[in-house]
Amino acid sequence: MKKLLQQLTEAFGPSGYEDNIRAIVRAEVEALADDIHVDALGNLIAHKKPVKASADTKRVMIAAHMDEIGLIVSHVDENGFVRFSQIGTLFRRYVPGGRVRFLNGTLGVIGYDRLDNLNDVPALDKVFIDVGATNRKDCPVRIGDVAAFERPFIEMGNRLVAKSLDDRVGVLAAIETLRALKGKSTQHDLYFVFTTQEEVGTRGAQTAAYFVDPDVGIAVDVTPTGDTPNALKMEMKLGSGPCVKFQDVGAISDPRVVQWMIDAAEKNKIPYQREVLLIGGTDARAMQTVRAGVPSGCISIPVRYVHSPSEMVDYRDVQNTVKLLTAVLRTPIQLGS
């Protein structure tokens, strides 16, 4: 799993430009699904049919987003310095000194104009990308070119560090769950959807959910932790297992889906955490409000330093996320009326 996670995180794929990631995912899941197709927004939908359908069979959509935050060129000045706008949410404290790679392969480093106070965090209109150009004509990027952070995958014991763990680690968990289900029976009709454009408004999940029309939706995403000095007062921490989400800014998880996940974790003795997230949201928001509404929830993988070039995850949490999602998808769910 580590080798695949490295391949996923080091690949380029800001929102709207997920082609490289989709190719990697497709190569992994093609032999594991009954059928695969790509929709108009670039979502990769892998369908695994139940061994034997019954009255209790539910159509379940599992969504993990392929895209990462990025940058898009908005201006190149006469000296070849590149100004940019954000794709998704950039936290300004992580931007200065960052290295980026453009879709065309150009590398750059993010610098900043003179600050009156060197300890200030500069606004985005005070920073620029230096691509080594000396004027506008020899600048290798143009208006509209896109970039993403450039950082290598590293291991620190059980801790793995990379850019775009949000949400390539969720993509990995979905792939490995589909692999774990190969040859095993499940009563559910499963649609593993590797979604696009989550970072700019859960757009891919919305259109995919309209197509799938699921009975139940599960997002597989990351969650910020509360286990660092002076962090927000949240319970989630590295090394204590995947999180079962109760609520975030975008969605309130359906209590029946929450209980389904908790029952599967406890029955199979899989460690888990209870999550109430104070910032951010997931594809569950989009699935929940499609068509006439979909009971939805989320399994989250704890990650430190979310939306930075050096996000951190505990490998044991990744392994247990695969175990939990696999167990959930092999457990009946009672939705009632």
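## One face of helix 2

A residue counts as buried when its relative accessible area is under 20%, and as exposed when that area is over 50%. Keep in mind that this is a predicted model. With that cut-off, helix 2 (residues 19–29) has Ile21, Arg22, Ile24, Val25 and Val29 as its buried residues. Look down the axis of helix 2 and these buried residues fall within an arc of 160 degrees, so they line one face of the helix. Asp19 and Ala27 are exposed, and they sit on the face turned away from that buried side.

What's covering the buried residues? For helix 2, the cover includes helix 1 (2–10), helix 3 and three strands: strand 1 (35–38), strand 2 (44–48) and strand 12 (189–195).

## Asn43, a buried polar residue

The loop between strand 1 and strand 2 holds Asn43. Its relative accessible area is 0%, so Asn43 counts as buried. A polar atom of the Asn43 side chain lies 3.0 Å from the backbone oxygen of Gly204, and the Asn43 side chain also makes a polar contact with the side chain of Thr207, at 3.3 Å.

Leaving aside neighbours within four places in sequence, Asn43 is in contact with His37 and Val38, with Val193, Phe194, Thr195 and Thr196, and with Gly204, Ala205, Thr207 and Ala208.

## Two nonpolar cores

In soluble globular proteins, nonpolar side chains tend to be buried together. Here the largest nonpolar core has 60 residues, and those touching the most other members are Val25, Val29, Phe192, Phe194, Ile218, Trp260 and Leu329. Val25 and Val29 are already familiar from the buried residues of helix 2.

Take Ile218 next: setting aside neighbours within four places in sequence, its contacts include Val60, Met61, Ile62, Ala63, Trp260, Met287, Ile299 and Leu329. Apart from this largest core lies another one, of 20 residues, with Phe84, Ile110, Ala133 and Cys139 among them.

## A three-stranded sheet with a helix on it

Now for a small piece of sheet. Its 3 strands run in the order 10-11-17, forming an open sheet with antiparallel pairing. Strand 10 (154–156) and strand 17 (311–314) are the edge strands, each pairing on one side only. On average, neighbouring strands are turned by 25 degrees against each other, direction ignored.

Strand 11 (residues 159–162) pairs with strand 17 over 4 bridges, and Leu160 stands opposite Val313 of strand 17. Helix 3 (residues 165–180) packs on this sheet and touches both strand 11 and strand 17; its direction makes about 30 degrees with that of strand 17. Helix 3 also turned up above, as part of what covers the buried residues of helix 2.

Conventions
Residues are numbered from 1 along each chain as its sequence is written. This is a predicted model: local features need pLDDT of at least 70, side-chain atom pairs count only at pLDDT 80 or more; totals for chains, interfaces and linings use all residues. Side-chain values use heavy atoms; hydrogens and water are left out. Two strands pair if DSSP finds at least two bridges between them. Helices (H or I, at least four residues) and strands (E, at least two) are DSSP runs, numbered from the N terminus. Axes are lines fitted to C-alpha atoms, for helices over the stretch in contact, and angles run from 0 to 180 degrees between N-to-C directions. Contact means heavy atoms within 4.5 Å. Buried means under 20% relative accessible area, exposed over 50%, partly exposed in between (1.4 Å probe, protein chains only). The arc is that of the directions from the helix axis to the C-beta atoms. A polar contact is a pair of N or O atoms within 3.5 Å; within protein, one must be able to donate a hydrogen and the other to accept it, and residues adjacent in sequence count only if both atoms are side-chain atoms. A nonpolar core is a set of buried Ala, Val, Leu, Ile, Met, Phe, Trp, Tyr and Cys residues joined through side-chain atoms within 4.5 Å.
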